[in-house]
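Here's a quick walk through the model below, written for someone who likes cut-offs spelled out. Have a look at the structure before reading on.

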Amino acid sequence: MSNHYDRRSFLKAAGSVAAIGALPVTMVELAFAKPTENFTFAYISDAHIQHIRGTKFVNNWDRGLIRAVAEANLMTPPPDFVMFGGDLAQLGTQPELDHGAGMLAKLNAPLKVVMGEHDYYLDLGEYWSKLFGPQYYSFDHKGVHFVVLNSILTTDEWTFNRWPTPEQRMLEMAGLDNPNGSPFMVGEKQRDWLAKDLAKVTKDTPVVVFSHSPIQKIYKGWNFWTDDAEQVQALLKPFDKVNVIYGHVHQIQYNQIGNISFNSVMATAWPWPYPQSYAQAEQYLPKLTIPMNRADPFFERDATGWQMVNVNTGRVDLAYNLYNNKPRVVGFDPKLGHPVDKDLQSVALEPNRTHY
Ligand SMILES: [Fe+2]
Ligand SMILES: [Fe+2]
């Protein structure tokens, strides 16, 4: 009951946070018919903590995560838990994972974690699992069934036989537009687990799935893609209301496939270009993605930000606050049956900033 608050006071609290500055954390509100069931959680993703040498790490990526953790700790009311959406490390090393875990340990709320490919492909998730536990799992919280998937797996051939060293494998997967990368997949073992897990859930229970890669096919060349997406979607199809929230793409995306609403969250580290720059996306996700919303990808906090996610009777609305830019809302439109960008911005970009 300590999290009982009305929507007005919640928005007031969110507004006071926004006044500090747009921050790279996602705030999530689950608002149900009974206000006493409302709750919030925070979402932080894609920190890409990068080791240089000794005790030196890339300062900018550190700062993004430190700021997000501080922001989550300032949330009023406090989040019930904090989800980290994957890519904690840049090259999956123990110093990177330790350093990132140390920053996440400063969170007041319980932490839950999704596996990213940058965390995985050096030692196939071994050290990450020591720090954070199982790579896929589910839990129930205040009437919602949450599922966490490891969606960045790939074929055994690619994983075990192709590369002379684990370091080489990690580097190949870490390059965004590297043709040697291999498509991500959830895989049969996890899909079997998911089928069993969902069999216990009534069809009118709202389901929220957290994954690192989108459980849909957006752009294969950059692995904005999950190869067995259709098979995972089929398992989610019997449920009335399903929301997939994912990281990895470092940008705002939204989509609707059947009963499943898809929403991405932003990174604390840096933005990737928006899909108007990769035409293949249009084949798969018309009306999916907002236009490029920033002028300069080398401006260190540009296109990072924070989002409030409102799941109203099982449907997700996201209010995005972008650093140094206009806020926008992507909300589920019941008449159209899919999320729409309620404040679609002009594709005209801000003037270029001077590099420094
Ligand atoms: Fe990432
Ligand atoms: Fe990623």
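## A proline to start with

Pro 95 is partly exposed, with a relative accessible area of 35%; here buried means under 20% relative accessible area, exposed means over 50%, and partly exposed is in between, using a 1.4 Å probe and protein chains only. Pro 95 sits in helix 3. Helices (H or I, at least four residues) and strands (E, at least two) are DSSP runs, numbered from the N terminus. Leaving aside neighbours within four places in sequence, Pro 95 touches His 51 and Phe 57, where contact means heavy atoms within 4.5 Å. Lys 56 is 39 residues from Pro 95 in sequence, and their C-alpha atoms are 9.9 Å apart.

Some housekeeping: this is a predicted model, in which local features need pLDDT of at least 70 and side-chain atom pairs count only at pLDDT 80 or more, while totals for chains, interfaces and linings use all residues. Residues are numbered from 1 along each chain as its sequence is written, chains are lettered from A and ligands numbered from 1 in the order in which they are written, and side-chain values use heavy atoms, with hydrogens and water left out.

## The overall chain

The protein chain has 10 helices and 16 strands. Of its 356 residues, 58% are buried. Looking at contacts with a separation of 6 or more, 70% come from residues 24 or more positions apart.

## Two iron ions

Which residues hold the metals? Here they are, side by side.

| Metal | Protein donors | Distance | Spacing along the chain |
|---|---|---|---|
| iron ion (ligand 1) | Asp 46 (OD), His 48 (NE2), Asp 87 (OD), His 250 (NE2) | 2.0 to 2.3 Å | D-x1-H-x38-D-x162-H |
| iron ion (ligand 2) | Asp 87 (OD), Glu 117 (OE), Glu 117 (OE), His 212 (NE2), His 248 (ND1) | 2.2 to 2.7 Å | D-x29-E-x94-H-x35-H |

Donors are N, O and S atoms within 2.8 Å of the metal (3.2 Å for Na, K and Ca); water is not among the atoms, so sites may look incomplete.

Asp 87 coordinates both the iron ion (ligand 1) and the iron ion (ligand 2), which are 3.5 Å apart. On the ligand 1 side, the pair of His 48 and Asp 87 links distant parts of the chain: His 48 is in the loop between strand 2 (39-44) and strand 3 (51-53), Asp 87 is in the loop between strand 5 (82-84) and helix 3 (94-104), and the two are 39 residues apart. On the ligand 2 side, Asp 87 pairs up with His 248, 161 residues apart, with His 248 in the loop between strand 10 (242-246) and strand 11 (254-257). Asp 87 and His 248 are both buried.

Why is the arrangement around the iron ion (ligand 1) irregular? The angles subtended by its four donor atoms run from 88 to 175 degrees, which makes it so. Four donors count as tetrahedral if all angles lie between 85 and 135 degrees; four count as square planar and six as octahedral if opposite donors are over 155 degrees apart and all others between 65 and 115; anything else is irregular.

Two of the ligand 1 donors also have backbones to look at. Most residues other than glycine have a negative phi. His 48, though not a glycine, has a positive phi of about 50 degrees, and its relative accessible area is 1%, so it is buried. His 250 has a positive phi too, near 55 degrees. His 250 lies in the loop between strand 10 and strand 11 and counts as buried at 2% relative accessibility.

## Packing elsewhere

Helix 8 (residues 188-199) and helix 9 (residues 229-236) pack at about 10 degrees, with their axes 10 Å apart. That makes helix 8 roughly parallel to helix 9. Axes are lines fitted to C-alpha atoms, for helices over the stretch in contact, and angles run from 0 to 180 degrees between N-to-C directions; under 35 degrees counts as roughly parallel, over 145 as roughly antiparallel, 65 to 115 as roughly perpendicular and the rest as oblique. From helix 8, Arg 191, Leu 194, Ala 195 and Leu 198 meet Gln 231, Val 232, Leu 235 and Leu 236 of helix 9.

In helix 7 (residues 166-174), the buried residues are Arg 169, Met 170, Glu 172, Met 173 and Ala 174. They pack against helix 4 (117-120) and helix 6 (156-161).
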